[in-house]
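I am opening a notebook on a structure that is new to me. My plan is to look things up one at a time and to write down what I find.

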Amino acid sequence: MFLDTRVLRHLTAEDWRVLTAVEMGSKNHELVPTPLIERIARLKGGASGVHKSIATLAKSGLIGRMKEAKYDGYRLTYGGLDYLALHTHSSKDVVYSVGSRVGVGKESDIMIVADKTGKQKILKIHRLGRISFRTVKSNRDYLRNRQGGSWMYLSRLAAMKEYAFMQALQEEGFPVPEPISQSRHTIVMSLVESLPLRQVSSVPDPASLYAELIDLILRLAKHGLIHGDFNEFNILIKEERTNKYTIEDGEEKETETVTLVPVIIDFPQMVSMDHVNAEMYFDRDVECIKRFFKKRFHFVPTQPGPFFKDAKKTVGKDGAKRLDATVEASGFTKKMLKELEKAIQEQQAKIDAGEAVEEEELDEGEDEENDSGSDSYDEEDEEDQQEEEEHAVFEIPANVGRPLSDVEKGLEKLSLGGKGGKRRA
């Protein structure tokens with residue numbers, strides 16, 4: 001899905017309130033009844049004001065109707081969810097302008113953004129369900145025990161999980177991007193000027209880089225974690241350059257040393273070392289690295305392993321903090337983890353079986369059953385609202401790292417101010 005921010009600046013405070021009302025109503029409804037939207041929004045203009053905003057939002061594709069609906073109502077689209085998340089990031093002064101999409105995968109979009117100072121960052125937008133299935137309704141059965149269950153809810157869980165793990169890993173000194181902000185299904189993180197390992201054609205010392213990556217797998221295990229998708233797509237290689245000065249024949253000479261530093265990204269599939277399938281995930285991560293190094297760099301390690309049984313013995317040793325427990329304590333519960341994991345597994349199974357269809361079914365308006373949720377609405381929910389292939393691939397454009405003044409033509413200013421703009425005539 002393409003993120004078009006042009007409409008953002010023209011939304012009024014009333015439009016934002018109605019859009020938020022649709023989001024809140026979506027907790028109990030796939031299709032939010034119009035009277036419920038009116039009750040939640042509580043605009044001074046009453047029903048007429050709500051309908052005016054609904055027309056604006058529907059025209060912009062931020063909300064939509066379902067075909068053959070049994071009652072008058074609207075659903076939130078991924079575009080509407082994007083706008084709500086950007087509105088939150090903007091109100092926190094985290095994001096001021098949005099640039100081009102620099103990465104796309106089956107489950108996320110990667111955007112370049114900047115704050116008011118011109119500092120560039122990465123905005124990751126989780127989009128579970130962007131790969132839809134011919135049997136999509138039956139594949140959603142696992143969500144029916146939860147009110148308001150949807151791909152948007154699961155995308156929010158993916159963002160919550162990734163942000164929580166990124167915070168925990170950074171605090172323990174792991175090489176990960178700096179987590180800056182999380183809202184709904186989006187994460188803002190620091191921009192790492194690097195290349196994904198898959199784009200690296202050669203390295204000076206493959207054995208050294210291989211050993212460092214295996215060490216990262218073992219280090220994660222010691223803290224109770226398995227990445228779950230540790231491969232050339234999710235490992236960035238950053239160059240750190242240092243200058244060394246020596247005296248030769250009475251003259252000072254400068255020598256530049258380049259060190260390759262791996263940075264880990266993408267954590268929605270990360271699991272605990274206590275997971276029922278932990279050994280399979282651990283072995284898969286190790287095998288992915290071995291296979292890539294053999295194919296790309298013609299490097300084959302002389303020693304077998306590492307093995308899960310040995311790594312399991314190191315969990316929590318030498319004072320290593322159990323980060324799987326830390327993330328659960330942060331609010332990402334085991335129940336959330338199971339729901340997200342099941343969704344990802346269901347999606348991957350259908351892709352592997354060849355049943356995936358490349359379409360964005362939620363935003364393209366596929367015919368769906370209407371829910372029969374109650375019209376209940378918790379007043380406290382309004383306070384809560386304040387609060388190349390199958391992988392997302394970073395392809396950093398040439399302008400990244402230059403001052404904003406040099407690239408601002410490619411950045412669309414949000415100009416939100418938290419209050420919304422004036423409606424166009």
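The entries below go from the whole chain to strands, salt bridges and rings.

**Entry 1: the whole chain**

I note at the outset that the model is a predicted one. I counted the elements of secondary structure and found 14 helices and 16 strands in the chain. I then looked up burial, and of the 425 residues in the chain, 51% are buried. The surface that the chain exposes comes to about 21100 Å², and 47% of that area is supplied by carbon and sulfur atoms.

**Entry 2: strand S3 and its neighbours**

I turned next to strand S3, which covers residues 73–76, and asked which strands pair with S3. Strand S1 (residues 32–33) is joined to S3 by two bridges, and the two run antiparallel; within this pairing, I found that Val-32 has Tyr-74 as its bridge partner. Strand S2 (residues 63–64) also pairs with S3 in the antiparallel sense, again over two bridges, and here Gly-64 is the residue that stands opposite Arg-75.

I also wanted to know whether the faces of S3 are covered or not, and which residues lie on each side. In a regular strand, side chains alternate between the two faces of the sheet. For S3, Gly-73 and Arg-75 are on one side while Tyr-74 and Leu-76 are on the other, and all four are buried, which leaves both faces covered.

Moving on along the chain, I looked at Thr-77, which is placed in the loop between S3 and helix H4 (78–91). Thr-77 counts as buried because its relative accessibility is 4%, under the 20% cut-off. A polar atom of the Thr-77 side chain lies 2.7 Å from the backbone oxygen of Gly-61.

**Entry 3: salt bridges**

How many salt bridges does a search of the whole structure find? I recorded 17 of them, and I followed up several.

The salt bridge between Arg-184 and Glu-23 has its closest N and O atoms 2.6 Å apart. The pair links distant parts of the chain, with Arg-184 in the loop between strand S8 (179–183) and strand S9 (186–190), Glu-23 in helix H1 (residues 13–25), and the two positions 161 residues apart. I checked burial for this pair, and both Arg-184 and Glu-23 are buried.

In the salt bridge of Lys-124 with Asp-266, the closest N and O atoms are 2.7 Å apart. This pair, too, links distant parts of the chain: Lys-124 belongs to strand S6 (residues 120–126), whereas Asp-266 is in the loop between strand S13 (251–264) and strand S14 (271–272), 142 residues apart. Lys-124 is buried at a relative accessible area of 5%, and Asp-266, at 18% relative accessibility, also counts as buried.

I then noted a network in which salt bridges with shared partners join Asp-82, Arg-101, Asp-109 and Arg-127.

For Asp-72 and Arg-65, the closest N and O atoms of the salt bridge are 3.0 Å apart. Are these two buried or exposed? Asp-72 has a relative accessibility of 37% and so counts as partly exposed, while Arg-65, at 52%, counts as exposed.

**Entry 4: aromatic rings**

I listed the aromatic pairs and found seven in the structure. In one of them, the ring centres of Tyr-210 and Phe-299 are 5.3 Å apart and the planes stand at 55 degrees, so I entered this pair as tilted. Tyr-210 is in helix H7 (residues 206–222) and Phe-299 is in the loop between helix H8 (278–297) and helix H9 (308–312), so that the pair links distant parts of the chain, 89 residues apart. Both Tyr-210 and Phe-299 are buried.

Phe-292 and Phe-297 form an edge-to-face pair, with 5.7 Å from centre to centre and 90 degrees between the planes. Phe-292 is buried with a relative accessible area of 8%, and Phe-297 counts as buried at 11%. When I traced the ring pairs further, they linked Tyr-210, Phe-292, Phe-293, Phe-297 and Phe-299 into a cluster.

**Entry 5: charges over rings**

Last, I looked up arginines placed over rings. The charged end of Arg-127, a residue already entered for its salt-bridge network, sits over the ring of Tyr-78 at 5.6 Å from the ring centre. Arg-219 lies over the face of Phe-174, 4.0 Å from the centre of that ring.

Conventions:
Residues are numbered from 1 along each chain as its sequence is written. This is a predicted model: local features need pLDDT of at least 70, side-chain atom pairs count only at pLDDT 80 or more; totals for chains, interfaces and linings use all residues. Side-chain values use heavy atoms; hydrogens and water are left out. Rings of Phe, Tyr and Trp (its six-membered ring) pair if their centres lie within 6.5 Å; planes under 30 degrees apart count as stacked, over 60 as edge-to-face and the rest as tilted. Buried means under 20% relative accessible area, exposed over 50%, partly exposed in between (1.4 Å probe, protein chains only). A charge sits over a ring if NZ of Lys or CZ of Arg is within 6 Å of the ring centre and within 35 degrees of the ring normal. Two strands pair if DSSP finds at least two bridges between them. Accessible areas come from the Shrake-Rupley method with a 1.4 Å probe; for residues, only the protein chains shown count as cover. A salt bridge is a side-chain nitrogen of Lys or Arg within 4 Å of a carboxyl oxygen of Asp or Glu. A polar contact is a pair of N or O atoms within 3.5 Å; within protein, one must be able to donate a hydrogen and the other to accept it, and residues adjacent in sequence count only if both atoms are side-chain atoms.
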